[in-house]
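Could you walk me through reading strands and helices off a model like this one?

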Amino acid sequence: MHTAFLVLAPAEGGAIAPWQLELARSPHPPGLHFTPTRHVVWSAGPGAPTVGFWQGGIGGPPDAPCERWVVDERGFVASTGHLRWRGQPWLPEARWAASLAERLRAGTVESVVADLHGVFTVVELTSDGTGAVASDPLGFGFVFRAETPDAVALSSRAELCAHAVTRPPAAPERDALGVCRLAYSRHWTGLRTGFTAVRLCAPGEVTRLRRGGGVVAAGHPRPWQPPDRYRALAPEELLSIVREEIADSVRAALGLPGPGARCDLTGGKDTRLVAAVILGEGLADAFTFQTFGPPTLPDVQVATELAARFGLRHEIRFERRSAGAPYAREAHRFVAATAGMVNLWNLKGSDAPWPEVRVTGLSGYLLRSKGRVGPGARTEADLVRAFDAMGFGRARLLVPDVHEALRAEALDDLLGDPGGGSLMDRFDAFDLRASQRHLLGPLDELERDLRVKPLTSAAAVHAAWALGAEARFAERIHVELIRRYSDDARGVPVRRGQVAAHATRPRRARTRHGRRCAAAPAAKDQLVSTLQGSAFAERSALLRELFEDRANPVWDLVDRRRALELLDRFGELHPWQRAELFGAATAAMWMGGP
């Protein structure tokens, strides 16, 4: 189900304008990524905050009440995203809002959010004119904020938020420097958006709406840091927390409606961790494991070997765009739906006839370090060297002053919290905010499947940080948890050709069907190669059209000739350069769009 909200609150001494209220009251406002089928507006009365909430898509039988909100004499409660109570199965959509309202009214927003699993936002307005807006503890569900002198707007959608502070008939001003970040970095650093007037709320931030006007943003400045009770636990207890968090998500996924639960299996470490817990829980027969890509891809080769060794039901799939729609049309929809915040490089689709339940290893770097800063780091200069080694701006697409401005903003995000722990902690926290948040947020809202993400659990992240930076650097969680279900300490290499200590063999006794995967037919390589060649031809035509439009204002920041040169040499480019080239196309489409 797709959902979105807009909360309008008077600033201290101000008032919500009539044209802003009309936006909340509109059944089809600008800035939604779906066609709404249900809509509600609520306020406690004159001078109090007002909320508009929209939903659409699949949530239950067409004739069944299935609102994601509750309105009663005590106020309004709603949520966006996919969320459930820790340790409990997923509730049917028709029951979820009432369950959330009951908990919120018996506790605080902070305590309720801490007891939830998923990527989400929560809105509560009360009949006495107060309220609160929050996201999941690590801020993977985005909340956007903008304001005028008289009112503050909060929304799950950047464009809706921008329209809430832009008086018609004017159009919201787009942020060229913000979106040109996509031509510089694979990540979305900082709190900029695709609109000059709109900013992201920081991870862990809760915005409270005060009676009589005004808002106060507060919350944990470092929500990935563990509570004190975690620091008193022994390493084995912390590892058990992570294992149970993963197992809880996996068990809950099996209760979701759909044609059958699937679990991603790649050649990497994170899906292997999830698969190890599934095997340890004796649940492997309940899942179909899947790998996306051609048979020559290392991910596919390693995953196929793992599946054959451990008797997993396994499918190799080729992820492609939605059948039938031209790439240019899909690309324009994608950039509009994500408000220029997500690189076209990430555009994908599904040809499945129904949304699938899909357990993923997404965001495993929350539990382990990327290893860019090790125990030998001594000064902030080591952080800067590690940052530069990430290769941002490798394609050299930006004019020099823009490149330097974006580098300075990213370094400010990295270095701006000297109290954030050790140097290793600070770099890992930067990675958490930048490289992991960009995989969720607006991109996650477009996901057709119901993706269950066990490794995004805040409790598991707290355990990883309580174990310490050196344990994350050594990938202790992955090593130890996979060893619990192994016969030996070595097994199938990870996709980069390394043989890692954590690449272990789960005990075969925990599986039952014992099926092996047949080798993929060689003919599939040729099919995939043909499809990829055709797909790039279609994509490159759109990129060339964008790059040849000399009137686009983005060329004040991006070197147009360089973009065309790289497009002609696309096959020679490093993957990071390719992503930055698509980032330049994304920025051009956003700045040149309606």
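Here is a short back-and-forth on sheets and a helix in this predicted model.

Q: How do strands hold together in a sheet?

A: Strands of a sheet pair through backbone hydrogen bonds, in either a parallel or an antiparallel way. Here, one open sheet has six strands, ordered S4-S5-S6-S7-S11-S12, and its pairing is antiparallel. At its edges sit S4 (69-72) and S12 (215-219), each pairing on one side only. Neighbours in this sheet are turned by 15 degrees against each other on average, ignoring direction.

Q: How many bridges join S5 to S6?

A: There are 11 bridges between S5 (residues 75-85) and S6 (residues 116-126). For a spot to click on, try Arg84, which stands opposite His117 in S6.

Q: Which strands does helix H2 touch?

A: H2 (residues 93-106) packs on the sheet against S4, S5 and S6, and its direction makes about 110 degrees with that of S5.

Q: And what is the strand order in the open sheet of five strands?

A: That one reads S15-S14-S13-S16-S17, with parallel pairing. S15 (314-317) and S17 (450-452) each have a single partner strand, so one side of each lacks a neighbour in the sheet. The twist averages 30 degrees from one strand to the next. Four bridges join S14 (residues 288-292) to S15, and Thr291 has Ile316 in S15 as its bridge partner.

Q: What span should helix H20 have, at 1.5 Å a residue?

A: Its 18 residues (575-592) should span 26 Å, and the end C-alpha atoms are 26 Å apart, which agrees. H20 is also mostly covered, with 14 of its 18 residues buried.

Terms used:
Residues are numbered from 1 along each chain as its sequence is written. This is a predicted model: local features need pLDDT of at least 70, side-chain atom pairs count only at pLDDT 80 or more; totals for chains, interfaces and linings use all residues. Side-chain values use heavy atoms; hydrogens and water are left out. Helices (H or I, at least four residues) and strands (E, at least two) are DSSP runs, numbered from the N terminus. The expected span of a helix is 1.5 Å times one less than its number of residues. Buried means under 20% relative accessible area, exposed over 50%, partly exposed in between (1.4 Å probe, protein chains only). Two strands pair if DSSP finds at least two bridges between them. Axes are lines fitted to C-alpha atoms, for helices over the stretch in contact, and angles run from 0 to 180 degrees between N-to-C directions. Contact means heavy atoms within 4.5 Å.
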